[in-house]
Every structure is written in C-alpha cells, then in structure tokens.
Amino acid sequence: MDYERMSEVDVAYHILAQKKVPVHYKELIQEVIEAKHKPVQSLAMAISEIYTMLNMDSRFHYEGESKWGLTEWVPPEVKRSSSRSSSGTAKTAVTKESTRKKKLESIQN
C-alpha cells in the first residue's frame with residue numbers, strides 16, 4: 001500500500017486494521033512516521049500533531065492505558081456511552097435511583 005500519499009490518520013487506520021488490537025499511541029505514531037518515510041524535525045511535535053488528529057477522527061477509539069483502537073471494534077452499547085465515564089457509571093445510577101426510591105417509600109409510609 002502506498003502510505004506516502006495517504007494522510008497520517010489514514011495510515012494509522014490501516015495499521016490498526018492490520019494489527020486488529022489496540023496499540024499504545026507512541027508506538028502507533030512511530031509506525032505512521034516510518035510508513036510514510038516522513039522526515040521529522042521534532043518527534044514531540046509530530047506525536048502531538050498526529051495524536052490530535054487521532055483524537056478528532058471518529059474512526060478511532062481511546063481504549064484506555066494510552067492505547068488506541070478502531071471505533072468499529074467497540075460494541076454498540078459501549079459506543080453510546082461517554083468515553084470519559086467510568087465502567088461503573090450505569091451501576092452507580094441504578095444504585096442511586098434504588099436508594100432514592102427506598103427513601104421516598106420510607107417517607108410516605
């Protein structure tokens with residue numbers, strides 16, 4: 001595949017699609033730079049630019065622990081929830097609602 005003519009995020013997408021597992025962002029960005037044969041004056045600046053593009057592109061999904069994967073790998077019910085919320089948020093909401101109902105019942109009786 002001719003990665004040199006593709007954008008950095010398109011290259012990152014193809015790399016992740018081939019690997020089929022989430023990858024640490026530094027490793028992914030390093031592979032993108034190597035695949036494009038792109039001369040880099042500042043590695044920190046290249047990482048920052050490509051990371052920002054990944055973050056803005058809806059094809060990519062932050063998996064946690066600095067790893068990125070593809071949104072298409074994520075089950076639909078997970079996609080709908082906020083990526084910033086913790087995994088226990090739904091349980092917490094149910095617990096709070098249950099507690100609230102019990103308090104209301106005790107007041108009414």
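## Exercises on helix packing and a buried aspartate

In this predicted model, the axes of H1 and helix H2 (residues 25-36) come within 9 Å and cross at roughly 115°. Residues are numbered from 1 along each chain as its sequence is written, and side-chain values use heavy atoms, with hydrogens and water left out. Local features need pLDDT of at least 70 and side-chain atom pairs count only at pLDDT 80 or more, whereas totals for chains, interfaces and linings use all residues.

**Exercise 1.** Classify the packing of H1 with H2, and state which residues make the contact.

*Solution.* Step one is the angle, which runs from 0 to 180 degrees between N-to-C directions, the axes being lines fitted to C-alpha atoms over the stretch in contact. Angles under 35 degrees count as roughly parallel, over 145 as roughly antiparallel, 65 to 115 as roughly perpendicular and the rest as oblique, so H1 is roughly perpendicular to H2.

Step two is the contact (heavy atoms within 4.5 Å): H1 contributes Glu8, Val11, Ala12, Ile15, Leu16 and Lys19, while H2 contributes Glu27, Leu28, Glu31, Val32, Ala35 and Lys36. These residues divide into seven nonpolar, no polar and five charged, where Ala, Val, Leu, Ile, Met, Phe, Trp, Tyr, Cys and Pro count as nonpolar, Asp, Glu, Lys and Arg as charged, and the others, Gly among them, as polar.

**Exercise 2.** Carry out the analysis for helix H1 (residues 8-19) and helix H3 (residues 43-56).

*Solution.* The two helices pack at an angle of about 70°, with their axes 9 Å apart, and H1 is therefore roughly perpendicular to H3. Glu8, Val9 and Ala12 of H1 meet Ile50, Met53 and Leu54 of H3, a set that divides into five nonpolar, no polar and one charged.

**Exercise 3.** Decide whether Asp57 is buried or exposed, and describe its surroundings.

*Solution.* Asp57 lies in the loop between H3 and strand S2 (60-64). With a relative accessible area of 17%, Asp57 is buried, since buried means under 20%, exposed over 50% and partly exposed in between, for a 1.4 Å probe and protein chains only. The side chains of Asp57 and Arg59 are joined by a polar contact of 2.8 Å, that is, a pair of N or O atoms within 3.5 Å, one able to donate a hydrogen and the other to accept it, with residues adjacent in sequence counting only if both atoms are side-chain atoms. The C-alpha atoms of Asp57 and Thr71 are separated by 9.8 Å, although these residues are 14 apart along the chain.

How values were computed:
Helices (H or I, at least four residues) and strands (E, at least two) are DSSP runs, numbered from the N terminus.
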